[in-house]
Amino acid sequence: FIVGSAVAGGWNNPITVDPTTQEFTKVSNTLYKITIQLIGGGEYKLISVNDGSWTYQWSVANADTLPNGGDFVFNGANCIAPATSGLYDIVVNFQTGKFTVTPH
């Protein structure tokens, strides 16, 4: 799941909007993808469960970096969305430790 000020559901965990709108699709055991409306310049993190737990979360090592993707880490700083609001594809690869954020 994706949560944060860059998405409609905000930082709520559990997610208070329809959680399926913020849930990644499992492409394979190590690859996940979502197409989602991002609020430009907002922040976000990825969480593994939508149950109020913050134990398993992924983001970037340094805040306000990598709006278009790069390396991600476990329990890091908040990711920043691209400056322009819009529909984006986010792909997360747990095998390579990289993610991409591209306009849809």
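Ala, Val, Leu, Ile, Met, Phe, Trp, Tyr, Cys and Pro are counted here as nonpolar, Asp, Glu, Lys and Arg as charged, and the others, Gly among them, as polar. With that in mind, open the structure, which is a predicted model, and follow the stops below.

**The cavity**

Select Tyr-44, Leu-46, Ser-59, Phe-72, Cys-79, Ile-90, Val-92 and Phe-99, the residues that line the largest cavity. A search of the whole structure finds 1 cavity of 30 Å³ or more, and the volume of the largest is about 40 Å³. Colouring the lining by class shows 7 nonpolar residues, 1 polar residue and no charged ones. If you then switch on the strands, you will find that β4 (43-47) and β9 (86-93) each contribute at least two residues to this lining.

**The nonpolar core**

Keep Tyr-44 and Ile-90 selected and add Ile-2 and Leu-38, since these four are the residues that touch the most other members of the largest nonpolar core, a set of 19 residues. At least two residues of this core come from each of β3, β4, β9 and β10 (98-103). In soluble globular proteins, nonpolar side chains tend to be buried together.

Centre next on Leu-38 and display its surroundings, leaving aside the neighbours within four places in sequence: Leu-38 is in contact with Ile-2, Ala-6 and Val-7, with Ala-81, Pro-82, Ser-85 and Gly-86, and with Tyr-88, Ile-90 and Val-101.

**The open sheet**

Return to the cartoon view and trace the 5 strands of an open sheet, which run in the order β2-β3-β9-β10-β6 with antiparallel pairing. β2 (25-26) and β6 (69-71) each have a single partner strand and stand at the edges, so one side of each is left without a neighbour in the sheet. At the β2 edge, zoom in on the pairing with β3 (residues 31-38), which is antiparallel and extends over 2 bridges; selecting Thr-25 leads you to Lys-33, its bridge partner in β3.

**The loop between β9 and β10**

Finish at Phe-94, which is found in the loop between β9 and β10. Is this residue, Phe-94, buried or partly exposed? With a relative accessible area of 35%, Phe-94 is partly exposed, because the partly exposed class runs between the limits of under 20% for buried and over 50% for exposed. Beyond its neighbours within four places in sequence, Phe-94 is in contact with Thr-30, Tyr-32, Trp-58 and Phe-72, and Phe-72 also belongs to the cavity lining selected at the start. As a last step, draw a C-alpha to C-alpha distance from Phe-94 to Val-73: the two are 21 residues apart in sequence and 9.8 Å apart in space.

Key
Residues numbered from 1 in each chain as written. Predicted model: local features only at pLDDT ≥ 70, side-chain atom pairs only at ≥ 80, totals over all residues. Heavy atoms only, no water. Pairing = 2+ DSSP bridges. Helix = DSSP H or I, 4+ residues; strand = E, 2+ residues; numbered from the N terminus. 1 Å grid on protein atoms, 1.4 Å probe; cavity = no way out; pocket = protein on both sides within 12 Å on 5 of 7 lines; lining within 4 Å. Points joined across faces, edges and corners; volume = space filled by probe spheres on them. Core = buried A, V, L, I, M, F, W, Y, C linked by side-chain atoms within 4.5 Å. Buried < 20%, exposed > 50% of the residue type's maximum accessible area, 1.4 Å probe, protein only. Contact = heavy atoms within 4.5 Å.
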